[in-house]
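Reader: I have a structure to study and would like to go through it step by step. Please take my questions in turn.

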Amino acid sequence: MVTFRLLLKSIKGTPNRAFYFVYKWGEKMNVSMGLLITLVGLLCTATGVVLGLFKHSRDRKKDVKSDATESAIIRTKLDDIGQSVDSIRIDFKASDQRWTALSERVIRNEESTKQAHKRIDKIENKGGF
């Protein structure tokens, strides 16, 4: 495999101050400054893309965890509300049964009172009290 190392010596007599790479075997290769800047820019871009993908992956995992947590909290609160509604419904049925029983007792008392008044009226008419 061929490896390169960058020498920061410029070649004398070149107007664009070209740098050169030295192959492992000592051969020289001219590289212009524009090409060097382009290669460094591409390397930085590739590094930025890779780091961006890693960050996106990590943020996505965090979002999934937070969404699951929020969903669990909402589900728990909804279950609590459902239990409260069931409790209120049971209390309402018990109150309704007590109200119905009381209503029946009042009706019986009114009937009994009506009969007692009729008896009192008969006694008053007969005896003259």
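The questions and answers below go through this predicted model, from its elements to its surface.

Reader: How many helices and strands are there in the protein, and in what order do the elements run?
Author: The protein holds one helix and three strands. The helix, α1, covers residues 33-127. Read from the N terminus on, the order of the elements is β-β-β-α.

Reader: What percentage of the residues count as buried?
Author: A residue is buried when its relative accessible area is under 20%. The protein has 129 residues, and the share of them that count as buried is 5%.

Reader: Among contacts between residues at least 6 apart in sequence, what share join residues at least 24 apart?
Author: The contacts considered here are those in the protein between residues at least 6 apart in sequence. Of these, the share that join residues at least 24 apart is 0%.

Reader: What area does the protein expose, and what part of it do carbon and sulfur atoms supply?
Author: The exposed area of the protein is about 11900 Å². The part supplied by carbon and sulfur atoms is 61%.

Reader: How many salt bridges does the structure hold?
Author: Aspartate 59 pairs with lysine 55 in one salt bridge, and aspartate 86 pairs with arginine 89 in another. Arginine 108 also forms a salt bridge, with glutamate 104. For the structure, the number of salt bridges is three.

Reader: How far apart are the closest N and O atoms of aspartate 59 and lysine 55?
Author: Both aspartate 59 and lysine 55 lie in helix α1, and they are four residues apart, about one turn of the helix. Aspartate 59 has 26% relative accessibility, so it counts as partly exposed. Lysine 55 is also partly exposed, because its relative accessibility is 42%. In their salt bridge, the distance between the closest N and O atoms is 3.0 Å.

Reader: Which residue forms a salt bridge with aspartate 86?
Author: Aspartate 86 is partly exposed, at 40% relative accessibility. Its partner lies three residues away in helix α1, about one turn of the helix, and is partly exposed with a relative accessible area of 47%. The closest N and O atoms of the pair are 3.3 Å apart, and the partner is arginine 89.

Reader: Is glutamate 104 buried, partly exposed or exposed?
Author: Glutamate 104 lies in helix α1, four residues from arginine 108. The two form a salt bridge with closest N and O atoms 3.9 Å apart. Because the relative accessible area of glutamate 104 is 42%, this residue is partly exposed.

Reader: Which residues make the nonpolar surface patch?
Author: One member, leucine 42, has its place in helix α1. At 55% relative accessibility, leucine 42 counts as exposed. The patch has an area of about 280 Å², and its residues are Leu35, Leu39 and Leu42.

Reader: Why does lysine 122 count as exposed?
Author: Lysine 122 lies in helix α1 and belongs to a positive surface patch with Lys114, Lys118, Arg119 and Lys126. A residue is exposed when its relative accessible area is over 50%. Lysine 122 is therefore exposed, with a relative accessible area of 58%.

Conventions:
Residues numbered from 1 in each chain as written. Predicted model: local features only at pLDDT ≥ 70, side-chain atom pairs only at ≥ 80, totals over all residues. Heavy atoms only, no water. Patch = residues over 30% accessible without salt bridge, like charges linked within 9 Å, V, L, I, M, F, W, Y side chains within 5 Å. Areas by Shrake-Rupley, 256 points an atom, 1.4 Å probe, with all protein chains shown as cover. Salt bridge = Lys/Arg side-chain N within 4 Å of Asp/Glu carboxyl O. Lys, Arg positive; Asp, Glu negative; His and termini not counted. Charge placed at Lys NZ, Arg CZ, Asp CG, Glu CD. Helix = DSSP H or I, 4+ residues; strand = E, 2+ residues; numbered from the N terminus. Buried < 20%, exposed > 50% of the residue type's maximum accessible area, 1.4 Å probe, protein only. Contact = heavy atoms within 4.5 Å.
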